[in-house]
Amino acid sequence: MLAQQILNALTLGAIYSLIALGYTLVYGILAMINFAHSEVLMLGAFTALGLATFAPAAFGSGPSALAAMFVAGMAAAGLVNVVVERFAYRPLRAVSRLAPLISAIGVSIVLQNGVFLWISTQSLSFPRPVVIGQISLFGASVSSLQLVILGAALGLMGLLHFFVESTKMGKAMRACADDISTAGLMGIDADRVIAVTFFVGGALGGAAGVLYGMNYGSIKYNLGFLPGAKAFTAAVLGGIGNIRGAVLGGFILGLLEVLACGYIPDGAQWRDVIAFTVLIVVLLVRPSGLLGEKMAEKV
Amino acid sequence: MKKLLGSRWALGAALAAAAAFPFLAQAVEQPYLVRVAGVIGLFMILGLGLNFTLGYAGLFDLGFISFYAIGAYTTAIAMRAHVPAPLAIVLAVAITLAMRALLGLTILRLRGDYLAVVTMGFGEIARLVINNLDSLTNGPKGMQVRPWRPLACISPDPNVQYYLLILAGVSLAVVASRRIESSRVGRAWVAIREDEVAARLSGIPVREYKLLAFTLSAAFAGLAGALFALWEQFVTPESFVFWESVLVVSIVVLGGMGSIAGVLLGALILVGLPPLMQWTLSAEWINYRYLFFGLILVLATLFRPQGLLPSARRESELSS
Amino acid sequence: MTGPGPALLEVRDLAQHFGGLKAVDSVNLSIHEGEIVSVIGPNGAGKTTFFNVLTGVYPGTRGDILFEGRPIRGLPSHDIVARGVARTFQNIRLFSCMTALENVMVGRHSRTSQFLLGPLLRTRAYREEESAVESLAKEFLDFVGLRALGNELAKNLPYGAQRKLEVARALASEPKLLILDEPTAGMNQTECSDLVALARRVRERGVTVLLIEHQMRVVMDISDRVFVFDYGVKIAEGKPRQVVADARVIEAYLGREGA
């Protein structure tokens, strides 16, 4: 029971973390809340579903199908994010801090209603190309699906870590996050770095969308909103702009929710209240989040 | 002086036209428009309220609708306790102000987007608490509100009555905003927005003034919430979801932060657009109205990033 | 300590540390009413940090600041302004999208009291205060020589005028002590002597002036007394001519800048 609870928390936390990374990567460079990120992850899930529905032959079964779903979902989500950045955010980058946010809200509405109008107004069932069973782990019986989800999420986080720390583009991203105008002076093509950042953040969101679909077994046009809002909260909890903070925040939030549901009477009802209360309390104690850097004023 | 007189005349004419509107709508047998206009008015009051926080103090609030909810629920509960309606409105404003001041005292030390997410969190907490506290709020089933029919001497139609009350509320909100904006307090807010350190070292108690702007917003939300509850005679947590907070932020930013006329126009467009489309679009396009709404929001922001009717000061701030 | 009047500002053992960095350490000094006092020292000597502690931007780590005999260290900046200490900034910090006149009117904040009810009800007291603020602000603009530019946005003013506007804004709070952080930075000869004359006229109004200054010619010309800072410590003080002859001062300057 406890092992299952912990695994539940880790699974949920992993999904939140992946989404939170998308928010935090973009925020780290542009200091902008990508409000449309929740729709990007929803599109990732729908693309994977589309692949499974319309190209079952190419789709296959088992691990190859799983891989195909991820690739399709991540690529689509990444591309959508890049396109949105190019047309809806970039023209506003220099103008003000809030204009891109409003544009992002508009994009979010468009994407959600696009899926609502042209794909489905209802929940669609989502394929699970892995056999779901119970596996014995440390003497406890846990769901194999969750292990797959957790494994995939952790693998992607590892890849992201490698990308950011060890590749040239990753270094350019960090330079831009540090100080975008200086990075520009050093010969870094900021527009390109931003586009890559949106692609990477979107792709992680798309992966989270696929995982979300597998976890719950169905998807709907508005599925992105709730995990999106939670993951954004997680990113802020960890210290927005901070990659490790996003992961930490995601897992903390997952843990809180599962604990609230499992151990507090009427916990499911109060789950979100608890999560947000913890967020507020943490921020009051640490105004820049758990791992965020303190901002200093210069006179 | 001439300019002032001109603007006074223009304002008077606009007010007269707005007051005549419901009777015209009835005359052309479109009573539905009166309801739409009433809702637009409520969001004008909300937008002018948030304008204090977002436009004047530059604080980003993503949970403003919770104070609309607090105003509405205070009214509903007071009406259930047989408090006279006008007193219930006053009570709603007072309690909303007090809650907002308390929230501000706790969270205003946070900066920028951290504040945004905490206000979003508070908004969700408020909604969920309302949803879960069945004994006080009747939970998700919602609360009936005892009918109150003011201005029955002017029109028997409650929609017209409340439209006129809301119009009075909007006028009050506009006058109050204008007067405070041009006063010592308004100057202090502009100074804080432009350079917090310099403002502090010019003798402005920055924290207190931010708290003041943040708190004053709630008076408007409380008033709008009270009018909403009395008009609808029914309140439910579903009316106060996160999306509504986003809508109010969009109204202020799209209209032009810190611009009273901009906020009014923003509410007119963003709240009026979906019903207008519902009214004008043919059946096959009607489901597209929110898609169009989103597109218009994006395009309007791209073409007028500083807002549709930016205040002169904002425009110059953004261009520097 | 010698001086033309009683101590207006007295600083005892003042320190401001940032972690291990002693930006200001063990500073003792006093300033008398009616003086013009300069603080000089190499870059990074802690002069601006010292000003920041005086004006409540930083809280200070240790020590006392007595203004008119009352402790002010650690008070919020706006309280310190209300007690009669106003300042300008090394990098000009005007409210750039307000007009010059409005900038000065903001400076009047701590000497005015109308809050919400006044403007909401357009009371007589409110209208009187507003018109008094406006006419006073015009006087201050006039005093610094910017009368004609009152309706210009601050950001559109020429550089020298922006420096003067900062002075006018600070004066609007009717300070007893005016602190100027490098008032002549980036100015040409004429603008410099303009500012020196302005500082003198400020003193004639009975305002004590404390400034950071890099141009030795200005320092020699204007100061009654000079404090020299190096590595966060006050290493010398005295009349301008004494100070420039002081071996430690020469070393502080030449030892580093000559290297």
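**Close-up views of a predicted model**

**View 1. Strand β8 of chain C and its parallel neighbours.** In this predicted model, strand β3 (residues 36-40) of chain C pairs with β8(C) in the parallel sense, over 4 bridges. If you want a residue to look for here, try C:S38, whose bridge partner in β8(C) is C:L211. Strand β7 (residues 177-181) of chain C also runs parallel to β8(C), and 5 bridges join the two. Along that pairing, C:L178 stands opposite C:V209 in β8(C). To get from β7(C) to β8(C), the chain passes through helix α7 (residues 189-204) of chain C, making a right-handed β-α-β crossover.

**View 2. The two faces of β8 in chain C.** Is this strand buried or exposed? Strand β8 (residues 208-212) of chain C is mostly covered, with 5 of its 5 residues buried. Side chains in a regular strand alternate between the two faces of the sheet. On one side of β8(C) sit C:T208, C:L210 and C:I212, and on the other C:V209 and C:L211; they are all buried, so both faces are covered.

**View 3. An open antiparallel sheet in chain C.** Here we have 4 strands of chain C in the order β2-β1-β4-β5, paired antiparallel in an open sheet. The edges belong to β2 (21-32) and β5 (70-71) of chain C; each has a single partner strand, so one side of each goes without a neighbour in the sheet. Zooming in on one edge, strand β4 (residues 62-67) of chain C pairs with β5(C) in the antiparallel sense over 2 bridges. At this pairing, C:F67 stands opposite C:R70 in β5(C).

**View 4. Where chain A meets chain B.** The contact draws 37 residues from chain A and 34 residues from chain B. On the chain A side, α5 (98-118), α10 (225-238) and α12 (267-285) each supply at least two residues. Which of them gives the most? That would be α5(A), with 12 residues on the side of chain A that touches chain B. By residue type, this side of chain A splits into 27 nonpolar, 8 polar and 2 charged.

**View 5. Confidence along chain A.** Chain A has a mean pLDDT of 89, and 96% of its residues reach 70 or more. Among the elements of chain A, helix α9 (residues 190-216) has the highest mean pLDDT, at 95, and helix α3 (residues 56-59) the lowest, at 70. A word of caution: where pLDDT is low, the predicted coordinates should not be read in detail.

**View 6. A proline in a loop of chain B.** B:P140 lies in the loop between α6 (134-137) and β1 (143-144) of chain B. With 12 other C-beta atoms within 10 Å, B:P140 is exposed, because the cut-off for that label is 12 or fewer. Leaving aside residues up to four places away in sequence, B:P140 touches B:N131 and B:P237. B:P140 and B:P237 are 97 residues apart in sequence, yet their C-alpha atoms are 6.2 Å apart in space.

**View 7. Chain B, zoomed back out.** The secondary structure of chain B comes to 14 helices and 2 strands. Its C-alpha atoms fill a box of roughly 55 × 50 × 45 Å along the principal axes. The radius of gyration of chain B is 20 Å, which agrees with the value near 20 Å for a compact globule with 320 residues. Buried residues account for 56% of the 320 in chain B. Of the contacts in chain B with a separation of 6 or more, 76% are between residues 24 or more positions apart.

How values were computed. Residues numbered from 1 in each chain as written. Chains lettered and ligands numbered in written order. Predicted model: local features only at pLDDT ≥ 70, side-chain atom pairs only at ≥ 80, totals over all residues. Contact = placed C-beta atoms within 7 Å. Nonpolar A, V, L, I, M, F, W, Y, C, P; charged D, E, K, R; others polar. pLDDT = per-residue confidence, 0-100. Rg over C-alpha atoms; globule rule 2.2 N^0.38 Å. Buried ≥ 20, exposed ≤ 12 C-beta atoms within 10 Å, placed from the backbone. Pairing = 2+ DSSP bridges. Right-handed = clockwise from strand over helix to strand, strands pointing away.
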